Amino acid sequence: MELTLTHIGKLPAQSMGHDWVLVKAEDLAAVANDGLTAGIANNYVKQGDARVIAHTKVVGGGESTTVTFAHPL
């Protein structure tokens, strides 16, 4: 499966970046908290986090990013 995230805003990633992270529902809060600690330099994803199924990089206004991952269906 392929997902493309397009940021249609104008602000840079450091001000108003967007990303997308796929996790199991039960892992959401913990992954989000660890992501805040990881910071923008790591795209708000803890390095080596096995709970993260797929994620994009953080993009700023006018940027796009694509991620490809296996879908179980």
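Helices and strands in these legends are DSSP runs, at least four residues long for a helix (H or I) and at least two for a strand (E), and they are numbered from the N terminus. With that in hand, welcome to a predicted model, shown here in a series of close-up views.

**Figure 1. The two sides of helix H2.** Helix H2 spans residues 28-38, and Val31, Gly35 and Ala38 are buried in it. Why do these residues share a side of H2? Around the axis they cover an arc of only 55°, so they fall on the same side of the helix. Look to the other side of H2 and you meet Ala29, Leu36 and Thr37, which are exposed. What covers the buried residues of H2? The cover includes strand S2 (21-23) and strand S3 (52-55).

**Figure 2. Where helix H2 ends, and a nonpolar patch on the surface.** Just after H2 comes Gly39, with a positive phi of about 80°. This view also takes in a nonpolar surface patch formed by Leu36, Ile40 and Tyr44. Together, these residues have about 280 Å² of accessible area. Leu36 may look familiar from the previous view, as one of the exposed residues of H2. Tyr44, for its part, belongs to the loop between H2 and S3.

**Figure 3. Asn43 and Tyr44, with positive phi in the loop between H2 and S3.** Most residues other than glycine have a negative phi. Against that background, take a look at Asn43: its phi is positive, about 60°, although it is not a glycine. Tyr44 has a positive phi too, near 55°, and Tyr44 is likewise a residue other than glycine. The loop between H2 and S3 is home to Asn43 and to Tyr44. Are these residues buried, partly exposed or exposed? Asn43 has a relative accessibility of 21%, so it counts as partly exposed, since buried means under 20%. Tyr44 also counts as partly exposed, at 34% relative accessibility.

**Figure 4. A salt-bridge network that includes Asp34 and Arg51.** How many salt bridges does a search of the whole structure find? There are 3. Start with Asp34 and Lys46, whose closest N and O atoms are 4.0 Å apart. This pair links distant parts of the chain: Asp34 sits in helix H2 and Lys46 in the loop between H2 and S3, 12 residues apart. Asp34 is partly exposed, with 25% relative accessible area, and Lys46 is partly exposed as well, with 43%.

Next, follow Asp34 to Arg51, where the closest N and O atoms of the salt bridge are 2.5 Å apart. This pair, too, links distant parts of the chain, with Arg51 in the loop between H2 and S3, Asp34 in helix H2, and their positions 17 residues apart in sequence. Arg51 counts as partly exposed, at 25% relative accessibility.

Arg51 has a further partner in Asp49, and their side chains meet in a salt bridge of 2.7 Å, N to O. Is Asp49 buried or exposed? Asp49 is buried, because its relative accessible area is 12%. Shared partners join these salt bridges into one network of Asp34, Lys46, Asp49 and Arg51.

**Figure 5. Thr68 in strand S4, and its contacts with Met1 and Glu2.** Strand S4 covers residues 64-68, and Thr68 is part of it. With a relative accessibility of 58%, Thr68 counts as exposed. Which residues does Thr68 contact, leaving aside its neighbours within four places in sequence? They are Met1 and Glu2. For a sense of scale, find Thr56: it is 12 residues from Thr68 in sequence and 9.3 Å from it in space, C-alpha to C-alpha.

**Figure 6. His7 and the residues it touches.** Between strand S1 (2-6) and helix H1 (13-16) runs a loop, and His7 lies in it. His7 counts as buried, since its relative accessibility is 6%. Which residues does His7 touch, not counting residues up to four places away in sequence? You can pick out Met16, Gly17 and His18 among them. The others are Val59, Gly60, Gly61, Gly62 and Glu63.

Conventions. Residues are numbered from 1 along each chain as its sequence is written. This is a predicted model: local features need pLDDT of at least 70, side-chain atom pairs count only at pLDDT 80 or more; totals for chains, interfaces and linings use all residues. Side-chain values use heavy atoms; hydrogens and water are left out. Buried means under 20% relative accessible area, exposed over 50%, partly exposed in between (1.4 Å probe, protein chains only). The arc is that of the directions from the helix axis to the C-beta atoms. Contact means heavy atoms within 4.5 Å. Patches are made of residues with over 30% relative accessible area and no salt bridge: like charges are joined within 9 Å, nonpolar side chains (Val, Leu, Ile, Met, Phe, Trp, Tyr) within 5 Å. Accessible areas come from the Shrake-Rupley method with a 1.4 Å probe; for residues, only the protein chains shown count as cover.
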